[in-house]
Amino acid sequence: MKFLSFLFFTATVFSYGQRFSPEEISRIKSGELNSALPIYQSADSTQHHVLLAKSSDVKPRNKLTKTLVNRMKLSLLGTDGGVGIASPQVGINRNIIWVQRFDKAAKPLEYFLNPKIIWRSEVLNLGPEGDLSITDFRDQFYRSQVIQFEYEDLDGKKHREIVEGFTAVIIQHEIDHLFGVLISDKILDQNSRNYQPFQSYKEIK
């Protein structure tokens, strides 16, 4: 009986942990619901604190999750050539990202809920990256050439994919955001890496 109570308590805590806080709800619902959310900037100390915080999973079928996903897409579309965005960049520390799929025809934008990289290739590539939240910053970074990751969609269905090249770079960049990692915090050490120059990098914004 005690064991069952413990399981119920654990499940309740886990479920509660995925609920949006009043502050998150207020931000998601701020302004027009069919408009873009402002993108947080590291130059602002309060916003920088949010960008450095680790994110938590969301409930895919929550109506607010869908609203946040849609507003994040509008935020990305409103940038000058941005190819990806993570939820912390709009002030919500939740595991949601949008990525432009350069590995698909027409290069569509796709969202990923609760994404997790489960495998990375040992072969690394070196290429330039920037960030929508860090003004006038570019540098060279190593990324795995190929990754396997899993995620959920808004219906709660789980997916698993193997992605390579520039799209894999963007996914790794955005998932870093979910752990509070900014490219300005990364240290480039070519001597400690076995890398191969990537053949056709574009700058990540």
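How much space lies in the second largest pocket? I looked this up and got about 190 Å³. I note here that the model is predicted.

**Entry: pocket lining**

I listed the residues that line the second largest pocket: Lys54, Ser55, Asp57, Asn95, Pro115, Lys116, Ile117, Arg120, Ile175, Asp176, Leu178 and Phe179. Two elements, β3 and α5 (165-178), each give two or more residues to this lining. I checked which gives the largest share, and β3 does, with four residues. By residue class, I sorted the lining into five nonpolar, two polar and five charged residues.

**Entry: helix α4**

I turned next to helix α4, which has 15 residues, 63-77. At 1.5 Å a residue the helix should span 21 Å, and I find its end C-alpha atoms 22 Å apart, so the two values agree. At the N-terminal end, Asn62 acts as the cap of α4. I read the distance from a side-chain oxygen of Asn62 to the backbone nitrogen of Leu64 as 2.8 Å.

Leu64 is also one of the buried residues of α4. The others I noted are Thr65, Thr67, Leu68, Val69, Arg71, Met72, Ser75 and Leu76. I then asked what covers the buried residues of α4. The cover includes α2 (22-28) and the strands β1 (84-86), β2 (96-100) and β3 (109-120). Strand β3 thus appears in this cover, and I had already met β3 in the pocket lining.

**Entry: Gln89**

I found Gln89 in the loop between β1 and β2. Is Gln89 buried or exposed? Its relative accessible area is 1%, and because the cut-off for buried is under 20%, I count Gln89 as buried. The side chain of Gln89 makes a polar contact of 3.0 Å with the side chain of Ser133. Setting aside residues up to four places away in sequence, I list the residues that Gln89 touches as Pro38, Ile39, Tyr40, Leu51, Gly84, Asp131, Leu132, Ser133, Glu174 and His177.

**Entry: Val146**

My last stop was Val146, which lies in strand β6 (residues 146-152). I get 16% relative accessibility for Val146, so this residue counts as buried. Which residues are in contact with Val146, leaving aside neighbours within four places in sequence? I wrote down Trp119, Arg120, Ser121, Ile162, Val163 and Glu164. Of these contacts of Val146, Arg120 is also on my list for the pocket lining. I also looked at Gly165, which is 19 residues from Val146 in sequence. In space, I find the C-alpha atoms of Val146 and Gly165 6.7 Å apart.

Methods:
Residues numbered from 1 in each chain as written. Predicted model: local features only at pLDDT ≥ 70, side-chain atom pairs only at ≥ 80, totals over all residues. Heavy atoms only, no water. Expected span 1.5 Å × (residues − 1). Buried < 20%, exposed > 50% of the residue type's maximum accessible area, 1.4 Å probe, protein only. Contact = heavy atoms within 4.5 Å. Polar contact = N/O pair within 3.5 Å; in protein donor to acceptor, adjacent residues only side chain to side chain. 1 Å grid on protein atoms, 1.4 Å probe; cavity = no way out; pocket = protein on both sides within 12 Å on 5 of 7 lines; lining within 4 Å. Points joined across faces, edges and corners; volume = space filled by probe spheres on them. Nonpolar A, V, L, I, M, F, W, Y, C, P; charged D, E, K, R; others polar.
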